[in-house]
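Welcome! Here are some exercises to work through with the structure in view; try each one yourself before you read the solution.

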Amino acid sequence: MRLHWHKIVIIAALGLSSILLVQWNKLSTAADMSHSAESMAAHRAAHAAPVQTAEKAATANEVIIDNFDFTPASLTVSVGTTVTWTNRDNEAHTVNSTNDLFKSSPMDTNDKFSFEFKAPGTYPYYCKLHPQMKGQILVK
Amino acid sequence: MTRNDYGSKGMNRRTFLKGVSLATAGVIWTVRGRSSFALAAEDAQPAARDFTFVQITDTHVGFKQDPNKDPLVTFREAIAEINALPTPPDFVIHTGDQTHLSKAEEFDAAAELLKSIKVKEIFYVPGEHDELDDGQEYLKRYGKGTIGTGWHSHDHKGVHFIGLVNVAKLTSTGLGSLGQEQLDWLKKDVEHLGSSTPIIVYTHMPLWMLYPQWGWGTVDGEQALSLMKRFNSVTVLQGHVHQIQNKIDGSMTLHTARSTAYPQAEPGKGPGPGPIKDVPPDKLRSMLGLTRANYNGKKHSADIFDSALADKKL
């Protein structure tokens, strides 16, 4: 009889602790979500400034790499122009010609890469680390 | 679910992903923090075939930006945690992005630290940051005994371990890919195994489509998983996303570990898949960490524990 009650107590305790655990999980998840929303808003705000700078800094023969984008994505230059890419992102990137005509070394933050376009044509390129990043140079 | 929990009050707690024994038909649940159940599992007397192994990932030696200007420091802290484990791991797995730019000196610095881990063996797979020279430096150092771009398998105390490479050729949308040659090899590698053989796969990028908009997935990962569908217990350990993410699908548990270098945003919750720059210095270590797996020979499954560097205990 004693043992029997003992069992019931254990079952009740286990049941209660699982309920508490579930509640605690819910609370933690809620805390996670509200906090990440805050920190992401701050993160976006922090990113807004460099993007503006990038747009301002881009000149006729320059491509800025920032926030997983080439800006401008399509750049038109005349034959004989040397185009310079500058990595303003916190992440490393590369500039790889789709047709293997030019290829940068891995570019750390603030690294630059230049290439002179000697013939007219369309020159698509991408980032080897993030091939979803694409751009092109139109040489006229 | 264990989620990317930086900034939350739970960040200093260990997350515990518990694989339940086959007796309960592959039901798997996750528990946050240290419950009495977790303690019971941890304190259980180790049987002969029980063992522990550790996964570290995304050490990014050579990274010099915010929020971690010297990832060698946090890499060292992670190693100190491994060396302080009461039960030494049988081996360590590094799931890639050892280096930031695939430079020889970065591989050298990483190797120097890896040598200080008190463990018999370290298994490797590359990340895309280790493949910027098309894998030349990586294969020179870690290609011995592997096939193709570095894939391999080995058996340990009744568990079949498989290291897959999904970063040698990224797709034009930025996803990882294994390629037909590796899939053919995988098919042959598992076909002689009984379906009760526990399988543990490790690879760099998530095998499942975690967030394809950021390239977080493997284009032919589903094909690889389908080759392992008949097994009673499959665990897939990955890195790349610098945060904890899980997918549980029947008898398959897929899990990504934290980086030891810097955190990345949750899927879609930031401007892109890069480093989160504005992390307060006192928060950084709660967003970095490593993963320990306790393989339970009786249950034929692995319990996965994530610990943040801030916890000071793996």
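**Exercise 1.** Which elements of chain B do the buried residues of α3(B) pack against? Keep in mind that this is a predicted model.

*Solution.* Start with the helix itself: α3 of chain B covers residues 104-114, and its buried residues are B:E106, B:F107, B:A110 and B:L114. These residues sit on the same side of α3(B), because they cover an arc of only 100° around the axis. Now look at what they touch: the partners are β5 (122-124) and α4 (136-142) of chain B. Finally, turn to the face of the helix that points away from the buried side, where you will find the exposed residues B:E105 and B:E112.

**Exercise 2.** Find the order of the strands in the open sheet of six strands in chain B, and say which strands stand at its edges.

*Solution.* Walk across the sheet and you meet β6-β7-β8-β9-β11-β10, with mixed pairing. The two edge strands are β6 (152-156) and β10 (245-249) of chain B; each has a single partner strand, so one side of each is left without a neighbour in the sheet. Ignoring direction, neighbouring strands of this sheet are turned by 15° against each other on average.

Next, pick out one pair inside the sheet. Strand β8 (residues 199-202) and strand β9 (residues 234-238) of chain B are parallel and share four bridges. To locate the pairing by residue, note that B:V201 stands opposite B:V236 of β9(B).

**Exercise 3.** Strand β8 of chain A pairs with β3(A) and with β7(A): which pairing is parallel and which is antiparallel?

*Solution.* As a reminder, strands of a sheet pair through backbone hydrogen bonds, in either a parallel or an antiparallel way. Take β3 (residues 74-77) of chain A first: this strand runs parallel to β8 (residues 134-139) of chain A, with four bridges. A residue to look for here is A:V77, whose bridge partner in β8(A) is A:V139. Then take β7 (residues 121-126) of chain A, which is antiparallel to β8(A) and joined to that strand by six bridges. In this pairing, A:T122 has A:L138 of β8(A) as its bridge partner.

**Exercise 4.** A:N110 and B:H240 each have a positive phi although neither is a glycine. Which of the two is buried and which is exposed?

*Solution.* Most residues other than glycine have a negative phi, and most peptide bonds are trans. A:N110 has a phi of about 75° and belongs to the loop between β5 (96-97) and β6 (112-117) of chain A. A:N110 counts as exposed, because it has 10 C-beta neighbours inside 10 Å, and the cut-off for exposed is 12 or fewer. B:H240 also has a phi of about 75°, and its loop joins β9 and β10 of chain B. B:H240 is buried, because 31 other C-beta atoms lie within 10 Å, and the cut-off for buried is 20 or more.

**Exercise 5.** Where are the cis peptide bonds from A:T71 to A:P72 and from B:D66 to B:P67?

*Solution.* In chain A, the bond from A:T71 to A:P72 has omega near -5°, and A:P72 is in the loop between β2 (69-71) and β3 of chain A. In chain B, the bond from B:D66 to B:P67 has omega near 10°, with B:P67 in the loop between β3 (51-56) and α2 (71-83) of that chain.

Terms used: Residues are numbered from 1 along each chain as its sequence is written. Chains are lettered from A and ligands numbered from 1 in the order in which they are written. This is a predicted model: local features need pLDDT of at least 70, side-chain atom pairs count only at pLDDT 80 or more; totals for chains, interfaces and linings use all residues. Two strands pair if DSSP finds at least two bridges between them. The arc is that of the directions from the helix axis to the C-beta atoms. Two residues are in contact if their C-beta atoms, placed from the backbone, lie within 7 Å. Axes are lines fitted to C-alpha atoms, for helices over the stretch in contact, and angles run from 0 to 180 degrees between N-to-C directions.
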